[in-house]
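Here's an informal walk through a model, written for someone at the bench. Have the sequence and the 3D view open as you read.

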Amino acid sequence: MARGPHPARCIISSGPPNKSPCGGLENEHAARLQYMEKRKKKKKRNVDSECRQFNDEWNIKYFFVKANDKALCLICKDSVAVLKEYNIRRHYESKHGSSYSHIIGAERTKKAIYKVAYVLAKKGKPFTDGSIIKECIVEAAGELCPEKVNLFKMISLGSNTVARRIEDLGGDIIRQIKEKAKRFCWYSLALDESTDVCDTSQLLVFIRGVDSEFNVTQELASVHSMHTTTTGEDIFN
Ligand SMILES: [Zn+2]
């Protein structure tokens, strides 16, 4: 019936979902991000949706909103007809960049931390590497753009911050899976096993479901460490 991205070892249930299986382990978040990244690479690029649709991020980045299939600048009320980030950024930077860039500075710093945390998680690197990355960024910025080096020093990449950001990202993915799972008409679970760097067995739970519009969703739903034996009985317990 269902085949996971890895060869499925067994299928344990099928039918309408009661609740989404999920756990709260840090390595689970990291594993999920790595899995999502692999999935993303397989997806086809859609040039149309990349370039010609209004991106909600532009609200915060450039103070633009969507109005009548155009992008409307909230500062000067001019509109930009071509929905391309290049055009919108050019308008913002040439007309308003100098007066408004300080407002979104904090937002950008926050986003930079999330982006670094995401890279660390998807590459399976220790969270403590954040401080080394920050040191590298500050050194490189000191050479390339010394006038902006203080901006890079504001990025907080301590291990606790990175762990919290990865938890946020993982939590967001769990929320997305739960939202999709609510709309499933049918679903199946597939189990597989793996081991982590300490040779502890990991139980991987994949979910695949289909909603009433035949949208198929297949995701890594949960990862559990199995510290003793890994028999079928242990899995169900
Ligand atoms: Zn404007």
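What follows starts with the whole chain, then turns to the zinc site, two helices and a few single residues.

This is a predicted model, so local features need pLDDT of at least 70 and side-chain atom pairs count only at pLDDT 80 or more, while totals for chains, interfaces and linings use all residues. Residues are numbered from 1 along each chain as its sequence is written, and side-chain values use heavy atoms, with hydrogens and water left out.

**The whole chain**

The chain has 10 helices and seven strands. Helices (H or I, at least four residues) and strands (E, at least two) are DSSP runs, numbered from the N terminus. Of the 237 residues in the chain, 34% are buried. Here buried means under 20% relative accessible area, exposed means over 50%, and partly exposed is in between, with a 1.4 Å probe and protein chains only. Take the contacts in the chain with a separation of 6 or more: residues 24 or more positions apart account for 58% of them. A contact means heavy atoms within 4.5 Å.

**The zinc site and its sheet**

Which atoms hold the zinc ion? The protein donors are C73 (SG), C76 (SG), H91 (NE2) and H96 (NE2), and they lie 2.0 to 2.3 Å from the ion. Donors are N, O and S atoms within 2.8 Å of the metal (3.2 Å for Na, K and Ca); water is not among the atoms, so sites may look incomplete. Along the sequence, the donor residues are spaced C-x2-C-x14-H-x4-H. The site is tetrahedral, with angles of 106 to 118° among its four donor atoms. Four donors get that label if all angles lie between 85 and 135 degrees. For reference, the ideal angle for four tetrahedral donors is 109.5 degrees. The two cysteines sit in different accessibility classes: C73 counts as buried because its relative accessibility is 0%, and C76 counts as partly exposed because its value is 30%.

C73 also belongs to β3, where it is the bridge partner of F64. That strand is part of an open sheet of three strands in the order β2-β3-β4, with antiparallel pairing. β2 and β4 are the edge strands, each pairing on one side only. Two strands pair if DSSP finds at least two bridges between them; β2 and β3 are joined by four. These two strands form a hairpin with two residues between them, and N68 in the turn has a positive phi of about 50°. A67 has K70 in β3 as its bridge partner.

**Two helices**

Zinc donor H91 is one of the buried residues of helix α4 (residues 85-95), along with N87, I88 and Y92. Seen down the axis of α4, the buried residues fall within an arc of 130°, so they line one face of the helix. The arc is that of the directions from the helix axis to the C-beta atoms. The face turned away from the buried side carries exposed E93 and S94. As for packing, the buried residues of α4 go against α3 (57-62), β2 (64-67), β3 (70-73), β4 (79-80) and α5 (97-100).

Helix α7 is another one to look at. G130, V138 and A141 are buried in α7. They cover an arc of only 75° around the axis, which puts them on the same side of α7. On the other side of α7, E135, E139 and E143 are exposed. The length checks out too: at 1.5 Å a residue, the 16 residues of α7 (residues 129-144) should span 22 Å, and the end C-alpha atoms are 22 Å apart, which agrees. The expected span is 1.5 Å times one less than the number of residues.

**A few single residues**

Most residues other than glycine have a negative phi. Two phenylalanines in loops are worth a look on that score.

| Residue | Phi | Loop | Relative accessibility |
|---|---|---|---|
| F63 | positive, about 60° | between α3 and β2 | 19%, buried |
| F214 | positive, about 65° | between β6 (201-211) and β7 | 69%, exposed |

Finally, A221 is found in strand β7 (residues 216-226). A221 counts as buried because its relative accessibility is 3%. A221 and L189 are 32 residues apart in sequence and 9.0 Å apart in space, C-alpha to C-alpha.

Technical notes: Four donors count as tetrahedral if all angles lie between 85 and 135 degrees; four count as square planar and six as octahedral if opposite donors are over 155 degrees apart and all others between 65 and 115; anything else is irregular.
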